Amino acid sequence: MAVWKQNLIVLWLGLFLVNAGMTMIVPFLPLYLQDLGITDPAANTTWSGLIFAANFITSFFVQPIWGRLSDRYGHKVMILRSGIGMAIVMTMMGFATSPWQLLLLRLLNGTVAGFNPASLALMASIAPKHKMGTVMGLMQSGIIGGTILGPFLGGLAAGWVGFRPLFWMTGLMLCIATILAMMIVKEYFDREEARAQPSPSVFEGFRELRAIPQLPSLFAVTFLIQFSMLSLMPVLPLYIQQLHGPHLVEFYAGLVGVVTGISNFIFSPLLGRLADRVGGSERILYLSLVGAALVMIPQAWAPNVATLLFLRFLLGICMGGMTPAVNALIRRYTPDGMESRAYSFNTSYMALGSMIGPVLDGLLSAWMGLEAVFFLGGLMLAGNAWWVWRSLVRAGGERASTRS
């Protein structure tokens, strides 16, 4: 078996475990905060947004530094560093006794995080370019597969043993993923050659990548996707509680994540493979964003949980075409040897969207009601689709016409 295929299998499993662990508790933060004494709805949504966003505040600033070090010392080192660091921090979260402690530990977790971008960068550096859409689709399916298992297990376990053991289970899953990567993943990285090459600073590297016009557009798309999609996570359990009542709310909150994850898991590799065959990652991204906008807004009018489940399933199909297309396009336009830096900057933009979105949605839901966050998300996705059409789809067609 080719080395890149072996690495793909192991890193797929690692991404599955890491993201399953990380999503076991995040969707239930509002309910956990109720256990910690934050029972006022407005205070709960505000704290939930802040704690959810805290991870991304430090990640936004630190990820480019890790990306620079990864290009200089190797991607595998960054995978191991991140896995060990997050395992320790997540275990410590299980001993938190106040919202302030959770907030500080989430800030620390963002500082050491980076398993996902380091894995993507490693695969982008060794996989054949004509297979990049398929590879990124499969990697995304590992991430999403974990998000399917995480909320579902989290919902079941929370009702059985409470919330604290979820953090300890996450630490164990992170350890397993790190050990697998350490023992099996192979990277032929010449550190001496890398050190002999010029090593621009973080800002110089950003300026160099920014000079490639497609990359800033893709970074902006990542920000808007993250802002409009994942910012809903802290308030979604409360919305389900509003629709269904307090009975079995943990189970139904996990089920909503499962149905979205299932459709995303199925369609990410399919849409990635389709993009490789037709050479149209830009159009796949555009159509996925249009579809997501069309199914996001009606969720505000869902009369019951069953309707919400159906709409979230459709949303998951659209999500299957977004992130893999962005990752494949980033690799297409990034110079060799700068993969880690490009994916790290993209992760920073992702963190920025995840940082601003939950805070804004928490404040918006406290002011205008939970339904307002779906309208905001739909409008952001529609604007994102327009941006992709203008900066990537139409621009790509104009370049092709000029060459012909």
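**Group meeting talk: contacts and surface in a predicted model**

Let me start with arginine 312, which counts as buried, since its relative accessibility is 8% and buried means under 20%. I should say at once that what we are looking at is a predicted model, so please keep that in mind as we go through it. Arginine 312 is found in helix H15, and if you look for valine 295, you will see that the C-alpha atoms of these two residues are separated by 7.9 Å, while along the chain they are 17 residues apart.

From one arginine let me move to another, and to the topic of charge. Side chains of opposite charge can pair when their charged atoms come close. How many salt bridges does a search of the whole structure find? The search finds one, and the partners are arginine 332 and glutamate 282, whose side chains meet at 2.9 Å, taken from N to O. This pair links distant parts of the chain, because arginine 332 sits in helix H16, residues 323–333, whereas glutamate 282 sits in helix H14, residues 281–296, and their positions lie 50 residues apart in the numbering. Is each partner buried or exposed, or something in between? Arginine 332, at 42% relative accessibility, counts as partly exposed, whereas glutamate 282, at 11%, counts as buried.

Staying with charge, there is also a patch of positive charge on the surface, where Lys5, Lys131, Arg273 and Arg277 gather. One of these, lysine 5, lies in helix H1, which covers residues 3–22, and with a relative accessibility of 41% lysine 5 counts as partly exposed.

Now to the aromatic rings. A pair of aromatic rings is described by the distance of the centres and the angle of the planes. The structure holds nine aromatic pairs, and I will take you through two examples. In the pair of tyrosine 286 and tryptophan 389, the ring centres are 5.2 Å apart and the planes stand at 45 degrees, so this pair is tilted. It is a pair that links distant parts of the chain, with tyrosine 286 in helix H14 and tryptophan 389 in helix H18, residues 372–403, the two being 103 residues apart. Tyrosine 286 has a relative accessible area of 24% and is therefore partly exposed, and tryptophan 389, with 34%, is partly exposed as well.

The other example is the pair of tryptophan 301 and phenylalanine 375, which is edge-to-face, with 5.4 Å from centre to centre and 75 degrees between the planes. This pair, too, links distant parts of the chain: tryptophan 301 is in the loop between H14 and helix H15, phenylalanine 375 is in helix H18, and they are 74 residues apart. Why do we call tryptophan 301 exposed? The reason is its relative accessible area of 58%, as exposed means over 50%, while phenylalanine 375, at 33%, counts as partly exposed. Besides these pairs, Trp12, Phe16 and Phe265 form one aromatic cluster.

Let me finish in the loop between H14 and H15, where proline 298 is also found. Proline 298 has a relative accessible area of 27%, so it is partly exposed. Its C-alpha atom and that of glutamate 371 are separated by 9.7 Å, although the two residues are 73 residues apart along the chain.

Terms used
Residues numbered from 1 in each chain as written. Predicted model: local features only at pLDDT ≥ 70, side-chain atom pairs only at ≥ 80, totals over all residues. Heavy atoms only, no water. Patch = residues over 30% accessible without salt bridge, like charges linked within 9 Å, V, L, I, M, F, W, Y side chains within 5 Å. Areas by Shrake-Rupley, 256 points an atom, 1.4 Å probe, with all protein chains shown as cover. Salt bridge = Lys/Arg side-chain N within 4 Å of Asp/Glu carboxyl O. Lys, Arg positive; Asp, Glu negative; His and termini not counted. Charge placed at Lys NZ, Arg CZ, Asp CG, Glu CD. Helix = DSSP H or I, 4+ residues; strand = E, 2+ residues; numbered from the N terminus. Buried < 20%, exposed > 50% of the residue type's maximum accessible area, 1.4 Å probe, protein only. Phe/Tyr/Trp six-rings, centres within 6.5 Å; stacked < 30°, edge-to-face > 60°.
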